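This briefing covers one helix, its packing partner, and a lysine with its surroundings. The structure comes next, then the details by topic.

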Amino acid sequence: MKVRLLSIGKDRSGLYEPAVQEYASRLAHYTRFELLELPEAGGKKGKAPDAKAAEAEAILSRRKPQDLIVALDERGKLLDSVEFSRYVGKAQDGAKDLLLVIGGDEGLDERVRQSADLVLSLSKMTLPHRLARVVLVEQLYRAFTILKGEPYHK
C-alpha cells in the first residue's frame, strides 16, 4: 500500500513542517508514504473560483487507477481514530492506495469532493490547512498502530 498526502501550498511559518516530517518518518515503518505539495493557483480574491478549478485539475491529474481519494473538507464525515483505521485497513486489504487531499486556503473545488471516495472532516472546528496536515499525518500513524495492535494509540 502507498499513501500519498497531496496538499496545496507550503508551510511558510515553519511551525508545522517538523511535526509532519516526524510522523512521515514514523509512517515509513508501516507503508510507503509520500508528501506532495502543489503550488497555490495564482489570482486575486475575486478569482477564487478559477483558482479552485485550476487546483482541482492539478489534484485530479495526480489520481491513479488504484487510488482511493480521501478529501478533507469541513462538511465531511467525522470518524474517530478506530473508524479511520478500519478505513485504512479496508484499503490495504483491497490492494488500494490512498490519495489524501488537503485543499488550499479557499478549500476544495466541488469536482474534487465529488470524485472522492471519502470526504473526511477532522473536526467541526475550522483548522489552518497546515495544522490539518499535521493532524491527518498523526492520525494515519495512529491508524497503522491500531491495525498492528501496537500500544501508541492507547
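A polar contact is a pair of N or O atoms within 3.5 Å; within protein, one must be able to donate a hydrogen and the other to accept it, and residues adjacent in sequence count only if both atoms are side-chain atoms. One such pair sits at the start of α3: a side-chain oxygen of D80 comes to within 3.1 Å of the backbone nitrogen of V82.

This is a predicted model, where local features need pLDDT of at least 70, side-chain atom pairs count only at pLDDT 80 or more, and totals for chains, interfaces and linings use all residues. Residues are numbered from 1 along each chain as its sequence is written, and side-chain values use heavy atoms, with hydrogens and water left out.

**Helix α3**

- Helices (H or I, at least four residues) and strands (E, at least two) are DSSP runs, numbered from the N terminus.
- Helix α3 spans residues 81-93, 13 residues in total.
- From first C-alpha to last, α3 reaches 18 Å, close to the 18 Å expected at 1.5 Å a residue; the expected span is 1.5 Å times one less than the number of residues.
- After α3 comes A95, with a positive phi near 55°.
- Buried residues (under 20% relative accessible area; exposed is over 50%, partly exposed in between; 1.4 Å probe, protein chains only) of α3 are F84, S85, Y87, V88, G89 and A91.
- Their cover includes β3 (67-78), β4 (97-102), β5 (118-121) and α5 (129-148).

**Packing of α3 on α5**

- The two helices pack at about 75°, with axes 8 Å apart; axes are lines fitted to C-alpha atoms over the stretch in contact, and angles run from 0 to 180 degrees between N-to-C directions.
- That angle makes α3 roughly perpendicular to α5 (65 to 115 degrees).
- In contact (heavy atoms within 4.5 Å), α3 supplies S81, V82, F84, S85, V88, G89 and Q92.
- From α5 come L136, Q139, L140, R142, A143, F144, I146 and L147.
- The residues of this contact divide into nine nonpolar, five polar and one charged.

**K52 and D109**

- K52 lies in helix α2 (residues 48-60).
- What is the relative accessible area of K52? The value is 24%, so K52 is partly exposed.
- Beyond four places in sequence, K52 contacts E106, G107, L108 and D109.
- The C-alpha atoms of K52 and L118 are 19 Å apart, with their positions 66 residues apart along the chain.
- D109 sits in the loop between β4 and α4 (110-115).
- D109 counts as buried because its relative accessibility is 15%.
- Residues up to four places away aside, D109 touches K52, A53 and A56.

Key
Parallel < 35°, antiparallel > 145°, perpendicular 65-115°, else oblique. Nonpolar A, V, L, I, M, F, W, Y, C, P; charged D, E, K, R; others polar.
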